[in-house]
Amino acid sequence: MSPQIAGPADLHMHSECSDGTEAPAEVVRQAGIAGLRTIALTDHDTVAGWDDAARASRESGIALLPGAEVSSKHRGSSVHVLAYLFDPDHRGLSHLMARVRDDRVGRAERIARNLARDLPVTWEDVLEQRSGDATIGRPHIADALVARGIVKSRAEAFAGPLHPASPYYVSHAAPTPLEAVIEIARAGGVSIIAHPAGRGTMPEHAIRELLDAGLAGFELGHRENTATGTARLQRLVEERDLIVTGSSDYHGAGKPNRLGENTTDPAMVARIVGAATGSAPVF
């Protein structure tokens, strides 16, 4: 194991380049304050924060695994695939993530129009919540609802007007998990299913198909996972000798998740680094 890969390690966090509330460099700084030694920036379907996070990582002495959280759907249910150390210029994966980002913007506009029928919120209100050129999504709509005083928090927005059962909700297009795993592998990356025993739980036959296609493991340390679901996946981990990660899914002020609330064993981080061919960790 490289002496530069040290614990505690938190391999799932977001910046304002997607739906976090802090700049990439600030995410790294907060990770240092929390005592983390190895981290991964995994913004949704974008690598926009990689360079800033890398600079902050080198300055702080924290090891960084550049990554992304790739959106996908299995039979209508959202499945998020964490991708680590892939080639950011790989055409297939870049195009896949770009399609998701483009659809997310159109979807957000449609949701905003639906909300505006009954609530005092506009698309311009939503745009005001975006930092730089971050891809707009439901969290930004939630922040607009909070700013307008319609709800008190993102959590209330997602439980109410932005819930999938809400009449304002609009679904979004996304690749299948199999397509995501295949493109991540082609880009030299390592794929791990995020919070696989919570939302986005897939049937075992579908998970085995992903494993055969190159899925490396599961994020079993996550506050959304259930004990029953985690135990079921742990059996697959032992059968296939899979990588297991634990992470915070940090979003700054956007979620209650705290840095380092779940961590990944450095030996598992080393396995991710050893399996990747697309890009290198930042030390």
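Student: Is E26 buried, partly exposed or exposed?

Tutor: In this predicted model, E26 has a relative accessible area of 24%. Buried means under 20% and exposed means over 50%. Because its value lies in between, E26 is partly exposed.

Student: With which residue does E26 form a salt bridge?

Tutor: The partner lies in helix 1 (residues 24-33), as E26 does, three residues away, about one turn of the helix. That partner has a relative accessible area of 46%, so it is partly exposed. The closest N and O atoms of the salt bridge are 2.9 Å apart, and the residue is R29.

Student: Which parts does the salt bridge of R154 with D143 tie together?

Tutor: The closest N and O atoms of R154 and D143 are 2.8 Å apart. R154 and D143 are 11 residues apart in sequence, so the salt bridge ties together two parts: helix 6 (residues 154-159) and helix 5 (residues 138-147).

Student: Are R154 and D143 buried or exposed?

Tutor: A residue counts as buried under 20% relative accessible area. Both R154 and D143 meet this cut-off, so they are buried.

Student: How is the aromatic pair of W50 and F86 classed: stacked, edge-to-face or tilted?

Tutor: The ring centres of W50 and F86 are 5.1 Å apart, with 50 degrees between the planes. Planes under 30 degrees apart count as stacked and those over 60 as edge-to-face. Because 50 degrees fits neither class, the pair is tilted.

Student: How many residues apart are W50 and F86?

Tutor: W50 lies in helix 2 (residues 50-60). F86 lies in the loop between strand 4 (77-84) and helix 3 (91-116). The pair links distant parts of the chain, 36 residues apart.

Definitions and conventions. Residues are numbered from 1 along each chain as its sequence is written. This is a predicted model: local features need pLDDT of at least 70, side-chain atom pairs count only at pLDDT 80 or more; totals for chains, interfaces and linings use all residues. Side-chain values use heavy atoms; hydrogens and water are left out. Rings of Phe, Tyr and Trp (its six-membered ring) pair if their centres lie within 6.5 Å; planes under 30 degrees apart count as stacked, over 60 as edge-to-face and the rest as tilted. Helices (H or I, at least four residues) and strands (E, at least two) are DSSP runs, numbered from the N terminus. A salt bridge is a side-chain nitrogen of Lys or Arg within 4 Å of a carboxyl oxygen of Asp or Glu. Buried means under 20% relative accessible area, exposed over 50%, partly exposed in between (1.4 Å probe, protein chains only).
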